[in-house]
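Here is a protein to walk through step by step. Keep the sequence and the 3D view side by side as you read.

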Amino acid sequence: MEWGVVVATSTTRGCCPARGMRLLDRHRLHGSILALANPILRAPLEATMRALRFDRRTITYMKFDLRRAWTRWRKHGRTVTPAATRLQLGAGGRQVPGWLNCDITGSEHDVDLASPPLPFPDGHFTDIVCQHAIEHLEYDPQVLNLFQDCFRMLRPGGRVWFSCPDLGKICAAYVADRGATIDRGLMRHWPHGATPGFPVQHRITFYFHQGGEHRNLMDFEMLEWALRHAGFEGVRQGEEAEFLAEYPGFPPRKDDFESVYATGTKPGAP
Ligand SMILES: C[S@@+](CC[C@H](N)C(=O)[O-])C[C@H]1O[C@@H](n2cnc3c(N)ncnc32)[C@H](O)[C@@H]1O
C-alpha cells in the first residue's frame with residue numbers, strides 16, 4: 001500500500017493527539033511509542049503476572065486486549081477512504097499486492113475486527129477476504145457484527161470469503177483416529193503448530209483455545225447462518241483451490257485438511 005495514496009484520498013476526524021501530522025509521520029510516531037513502551041512496560045507487566053501465577057491464557061488475553069485497545073485509541077473516530085478497493089482482514093504476514101492488508105498492529109491499516117464499525121466508508125470495497133482470523137473473535141456478537149460491517153463496506157455485487165479451522169473436520173478427525181490425520185496435516189504444513197510428543201488428542205483440544213488465542217471454532221453451518229443473517233446471498237461452501245483461482249495473488253495455505261471456506265455476495269448489480 002502506498003501511504004501517499006492513502007493520505008491523498010483519506011478524510012480524518014476525531015481526537016488523535018498527533019492530529020495534523022502527515023499520516024506517514026503519525027504512523028512512524030505511533031510505531032516509535034510502541035517500540036519504546038514495549039520493553040519498558042511489557043516485560044515487567046508479564047513478569048508480574050507470571051509471579052502472581054496468572055494463567056498463561058489470561059496473560060495472552062490481556063496482551064491481545066491491550067493491542068486492541070491501543071489500535072482503537074490510535075484510530076478513534078478516523079474514517080479513511082483507501083485507494084485499494086479490495087480488503088484483506090487479519091492479514092498477518094501475508095501482504096497481498098493490490099489489497100489493503102489490515103491487522104491489529106503493524107499492518108497497512110490497523111483495525112480491531114472485534115469492534116466494528118471498521119473505519120472505511122459504506123460500499124467502498126469490491127472484495128473482502130479474511131483467512132483464519134474470525135476464530136479469534138467471539139461468535140456472538142463479534143463475528144456477527146463483523147459480517148454485518150463487511151456487508152456495509154461492500155459494493156452491491158461485492159464478494160466476501162472467510163475461512164477458519166473447521167469444527168466439523170476437527171471433530172470428525174477425533175472420532176476417526178483421535179486426531180492423527182489432523183496432526184499429520186499440521187506436521188506437513190505448519191510444524192510449529194503441531195504438538196509432537198503429546199497424545200494426538202491434545203492437538204484437537206488445542207484448536208479450541210490455542211493458548212488463549214482462539215475464542216471458538218465454527219463449521220460451515222455457523223458461517224452460513226451468520227452470513228445470511230448479515231444479508232449475504234448465494235452463500236456456499238468453497239475450497240482453498242477455488243479461493244486461489246479467484247484471487248491468485250494470495251499465497252496458498254494448503255489448509256483444506258483443517259479449514260472451512262465460505263463465500264457470499266452482497267445483493268445488487270455491481
Ligand atoms: C492465524 S493468523 C492468520 C494470518 C493470515 N490471515 C493467514 O492466513 O496466515 C490470525 C490473524 O488475525 C489477527 N487478528 C486476530 N484478532 C484480531 C482483531 N481483533 N483485530 C484485527 N486482527 C486480528 C491476528 O493479529 C493475526 O494476524
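In strand 6, which residue is the bridge partner of G238? The partner is Y261. That pair is a good place to enter the sheet. Strand 5 covers residues 233–238, and strand 6 covers residues 259–265. These two strands run antiparallel, and 4 bridges join them.

Now step back to the whole. The model is a predicted one. The protein has 9 helices and 6 strands. Its length is 270 residues, and 29% of them are buried. Look also at contacts between residues at least 6 apart in sequence. Of these, 69% join residues that are at least 24 apart.

Return to the sheet. It is open, with 6 strands in the order 2-1-3-4-6-5. The pairing is mixed. Strand 2 (100–101) and strand 5 stand at the edges. Each has a single partner strand, so one side of each lacks a neighbour in the sheet.

Helices lie on this sheet. Helix 4 packs on it and touches strand 3 and strand 4. The direction of helix 4 makes about 150° with that of strand 4. Helix 8 spans residues 220–230 and lies across strand 4, strand 5 and strand 6. Helix 8 runs at about 20° to strand 6.

Move next to strand 3, residues 125–131. This strand is mostly covered, with 5 of its 7 residues buried. Follow its pairing with two other strands. Strand 1, residues 86–88, pairs with strand 3 in the parallel sense over 3 bridges. One of the links to find is between Q88 and V129, which is the bridge partner of Q88 in strand 3. Strand 4, residues 154–165, is also parallel to strand 3, and 6 bridges join the two. Here F125 has L154 of strand 4 as its bridge partner. How does the chain get from strand 3 to strand 4, and what is the handedness of this β-α-β crossover? The chain passes through helix 4 (residues 139–153), and the crossover is right-handed.

Helix 4 holds another detail. P141 has its place in this helix. The peptide bond joining D140 and P141 is cis, with omega about 10°. A cis bond also runs from P116 to P117, where omega is near 10°. P117 sits in the loop between strand 2 and strand 3.

Go on to helix 5, residues 167–177. Which of its residues are buried? They are L167, K169, I170 and A173. An α-helix has 3.6 residues a turn, so residues three or four places apart point the same way. Keep that in mind as you turn the helix in the view. The cover over the buried residues of helix 5 includes strand 4, helix 6 (180–189) and helix 7 (201–209).

Take helix 6 from that list. The axes of helix 5 and helix 6 come within 7 Å and cross at roughly 115°. On the helix 5 side, I170, A173, A176 and D177 make the contact. They meet A180, T181 and I182 of helix 6. This contact divides into 5 nonpolar, 1 polar and 1 charged residue.

What lies between the two helices? R178 follows helix 5, and its place is in the loop between helix 5 and helix 6. R178 is not a glycine, yet its phi is positive, at about 60°. Is R178 buried or exposed? R178 counts as partly exposed, because it has 16 C-beta neighbours inside 10 Å. Under the cut-offs, a buried residue needs 20 or more, and an exposed one has 12 or fewer.

Q210 gives a second case. Q210 is not a glycine either, and its phi is positive, at about 40°. Its place is in the loop between helix 7 and helix 8. Q210 has 15 other C-beta atoms within 10 Å, so Q210 is partly exposed.

Last comes the ligand. How many residues surround it? There are 16, and the closest are G90, G92, L113, A133 and H136. The shell around the ligand divides into 6 nonpolar, 5 polar and 5 charged residues. Find those closest residues in the view, then trace the chain from each one.

Terms used: Residues are numbered from 1 along each chain as its sequence is written. This is a predicted model: local features need pLDDT of at least 70, side-chain atom pairs count only at pLDDT 80 or more; totals for chains, interfaces and linings use all residues. Two strands pair if DSSP finds at least two bridges between them. A crossover is right-handed if, with the strands pointing away from the viewer, the path from the first strand over the helix to the second runs clockwise. Two residues are in contact if their C-beta atoms, placed from the backbone, lie within 7 Å. A residue is near a molecule or strand if its C-beta atom, placed from the backbone, lies within 6 Å of it. Ala, Val, Leu, Ile, Met, Phe, Trp, Tyr, Cys and Pro count as nonpolar, Asp, Glu, Lys and Arg as charged, and the others, Gly among them, as polar. Axes are lines fitted to C-alpha atoms, for helices over the stretch in contact, and angles run from 0 to 180 degrees between N-to-C directions.
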